[in-house]
Amino acid sequence: MARFALRRLLSMLLVLFAVSVLVFLIFNVLPGGDPAVRMAGKVPTETQVEAIRVEWGFDEPLHVQYATMMEKLFTGDMVSYLNGQDVVEEIWRGLPRTFALALGAGIIWLVFAIALGLYSAVRAGGLSDRLLTVLALIGISMPVFWVGAMLLYYLGYKAGIFPNGGYVEFLESPTQWLWHMVLPWFTLSILFIGFYSRVLRSDILETMNEDYVRTARAKGLSERRVIVHHVLRNSLIPLITLWGLDFGAVIGGGAILTEAVFNLQGVGQYAAESIDQLDLPPVMAVTMFGAFFIVVFNTVVDIAYAALDPRIRFEGGRR
Amino acid sequence: MAGSALLDVRDLSVSFATEGGVVRAVDGVDFELAPGEVLAIVGESGCGKSATALTLLGLSRGPNATIGGTAGFAGIDLLAAGEEEMRRIRGDRIAMVFQDPMTSFNPVHRIGRQLVEQIRAHREVSAAEARARAVELLDAVGIPDPEARAASYPHELSGGMRQRAMIAMALSLEPDLLIADEPTTALDVTIQAQIIELLRELNRERGLAILLITHDIGVVAEIADRVAVMYAGEIVERGAIDEVFYDPQHPYTWGLLGSVTRIDRPRPPRLPQIAGAPPSLVDPPSGCRFRSRCPHAFERCPRHPGLDPRLAESVDHVDRCWLPPEEKRRRRQVGGIIALEGGEETR
């Protein structure tokens, strides 16, 4: 276990390093990416630009600039090039919003996908199964920004059932918080529900042909028990694994569009705005933050996988 | 023997609708099994023996399956009984052991839990009682340290131990009938012998009736009282073990017996085999189904032979071959042993 943790930690550092170098280099080769020119205003003189360059250290060699940026990131001194806002502080402000969005949506998409996938598999080939297949394909095919905009327009603006975007702190008003989150949650979930229910359906149908399912029936178990304890229990292993990876990915950037459509002011929206303005420090910080969560959830998934499937522990050399 | 039979299968037929057409997996199979008896159904892959076993437990039912005939068991027709009635019989009155103990246990549940689950599906007992019973059962089938094994996951046991645990699970409610579908096929030879020995003990000591499905005629010889040989969905010969082994009537049986390597004979340069492949069950040939592979086929074979007694001295020994018994006795002897044909001599 200690070796596993150490190996994971090292690979995480490696990933973060690689990601940060890549982002840094991309920004430095990007046309119009020169921060000094952007900071100098609309009609800058050559001397003004040069002064900014020296003041912010943009004249240093790239590796020195990179080192300075990393140092600032980890000491919390990183500020935006454009408005001087503290980057880490901004991320902290957006974090609860992004988490609220991802967690709610994650639960919704998992629950709905299990219910629909199971129903579809048990009724495989029937009318309801075929209907769900079509619905799932529609769900997978609809772009998030379009679904979000449509829901917001029809259920928010036109019908007035839901608020017109925005975020309310949970502590301020739990009901208002919930009310503001419903549309974003479902918007983010729809694609995943469609995809996950398909994955689960096909996995269940495959598992039903397993020898141990035949054994379970031969034991005289009720059909319900066979399905839940023998089929679903095994089919959930890959699904939960997938969920962990996707949940990490949603926090680490997958919610950008949803946050932007509903103006939730989460980390994703902050990233989108910063990229729009070619503001390197927040982009760097948010990218590192995203990569961190993705790697962390990969590890969580590996641990959860071992808990769900006893054979993994064995192969890990426990005995 | 009718009336006293534990299991009385009459004219069983099973067909499955597939993309290639309707497969007649089992076609008019009859047999009886007395209490405490071991009946072996032997035949090659795809002859319908496993389909027969699964159908008896109602496990081959489905939208693609058509099942005909009757299977009387304790006053119930297993083929006509409702799903809930069958569920109560499965695992309680009739238990089944499968071929591959690697894949027949659910990999994510502990062995003990899988036994407990079966006990509690049929009896109102506490989890603790069921668990104690599970440990007892594992002990009874010769699993060392049963307490620890009950807490093990299937992958933590060897193949032989897993098959023992499978048998323990099958025995958990003291069934009247055990259906063993290729119980030794996936195991090493020494382990095979141990499992057969265990089944034989259970048969002798508890009077457990066993329907043994196998392709291994050697296993049949060790444990069965009677044997039914299946070919292309039909029983082609059926009788007491000694009768069938020492006076086999159907050329297919000769072929099966002839393909066994014998340790007490000089080793042949090539293992004898039955030339050709079994016919398609989508469109089975008319007449005797073995005739395209049979070197002894003659003008009567295009007529379908009934499963009839053809020997004056034993009415329970039945077969589907038109050759007169004395002609068979003359033809099946090849170099002092029974074989389908005499290699180079007849070629």
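**Exercise 1. The mixed sheet of chain B**

In what order do the 8 strands of the open sheet with mixed pairing in chain B run? Work out the order, then find the edges and what packs there.

*Solution.* Bear in mind that you are working with a predicted model.

Step 1. Trace the sheet from one side to the other: the order is 6-7-8-3-9-10-12-11 in chain B. The sheet is open, and its pairing is mixed.

Step 2. Look at the two ends. Strand 6 (94–97) and strand 11 (308–309) of chain B each have a single partner strand, so one side of each is left without a neighbour in the sheet.

Step 3. Check the pairing at one end. Strand 11 of chain B runs antiparallel to strand 12 (residues 318–319) of chain B, and 2 bridges join them. Here B:Asp308 has B:Asp319 of strand 12 as its bridge partner.

Step 4. Add the helix. Helix 7 (residues 159–171) of chain B packs on this sheet and touches strand 6 and strand 7 (177–181) of chain B. The direction of helix 7 makes about 170° with that of strand 6 of chain B.

**Exercise 2. A strand inside the sheet**

Take strand 9 (residues 226–231) of chain B and describe its neighbours and its surroundings.

*Solution.* Start with the pairing, then turn to burial.

Step 1. On the parallel side, 4 bridges join strand 9 of chain B to strand 3 (residues 38–42) of chain B. B:Ile41 stands opposite B:Ala228 of strand 9.

Step 2. Strand 10 (residues 234–240) of chain B pairs with strand 9 of chain B in the antiparallel sense, over 6 bridges. In this pairing B:Met230 stands opposite B:Ile235.

Step 3. Inspect the turn. The hairpin of strands 9 and 10 of chain B has 2 residues between the strands, and B:Ala232 takes a positive phi near 50° there.

Step 4. Count the covered residues, taking a residue as buried if 20 or more other C-beta atoms lie within 10 Å of its own. By that test 6 of the 6 residues of strand 9 of chain B are buried. One face carries B:Arg226, B:Ala228 and B:Met230, the other B:Val227, B:Val229 and B:Tyr231, and both faces are covered.

**Exercise 3. The antiparallel sheet of chain B**

Identify the edges of the 4-stranded open sheet of chain B and the helix that packs on it.

*Solution.* Take the strands in order once more.

Step 1. The order is 2-1-4-5 in chain B, with antiparallel pairing. The edge strands are strand 2 (21–33) and strand 5 (76–77) of chain B, each pairing on one side only.

Step 2. Strand 4 (residues 65–73) and strand 5 of chain B run antiparallel and share 2 bridges. B:Ile76 in strand 5 is the bridge partner of B:Phe73.

Step 3. Helix 1 (residues 49–56) of chain B packs on the sheet and touches strand 1 (7–18), strand 2 and strand 4 of chain B. The direction of helix 1 of chain B makes about 70° with that of strand 2 of chain B.

**Exercise 4. Chain A and its domains**

Now for chain A: describe its make-up and how its two assigned domains meet.

*Solution.* Go from the whole chain to its parts.

Step 1. Chain A has 14 helices and 0 strands. Its C-alpha trace spans about 85 × 60 × 35 Å along the principal axes, and 35% of its 319 residues count as buried.

Step 2. Pick out one helix pair. The axes of helix 5 (residues 87–122) and helix 8 (residues 174–207) of chain A come within 6 Å and cross at roughly 35°, in a right-handed crossing. The residues of this contact divide into 22 nonpolar, 5 polar and 1 charged.

Step 3. The domain assignment gives domain 1 (2–75) and domain 2 (94–315) of chain A, and their C-alpha centres lie 34 Å apart. Their contact takes 16 residues from domain 1 and 11 residues from domain 2 of chain A.

Step 4. Ask which element leads on the domain 1 side. Helix 1 of chain A gives the most, with 9 residues. By class, that side has 11 nonpolar, 3 polar and 2 charged residues.

**Exercise 5. Where the chains meet**

Describe the contact of chain A with chain B, looking at the chain A side.

*Solution.* Two steps will do.

Step 1. The contact takes 19 residues from chain A and 23 residues from chain B. Helix 9 (211–218), helix 10 (223–254) and helix 14 (310–315) of chain A each give two or more residues to the chain A side, and helix 9 of chain A gives the most, with 7 residues.

Step 2. Sort the chain A side by class: 6 nonpolar, 5 polar and 8 charged residues.

Note on methods: Residues numbered from 1 in each chain as written. Chains lettered and ligands numbered in written order. Predicted model: local features only at pLDDT ≥ 70, side-chain atom pairs only at ≥ 80, totals over all residues. Buried ≥ 20, exposed ≤ 12 C-beta atoms within 10 Å, placed from the backbone. Pairing = 2+ DSSP bridges. Contact = placed C-beta atoms within 7 Å. Axes fitted to C-alpha atoms, helices over the stretch in contact; angles between N-to-C directions. Nonpolar A, V, L, I, M, F, W, Y, C, P; charged D, E, K, R; others polar. Domains from an automatic or database assignment. Left-handed = near helix turned anticlockwise from the far one by under 90°.
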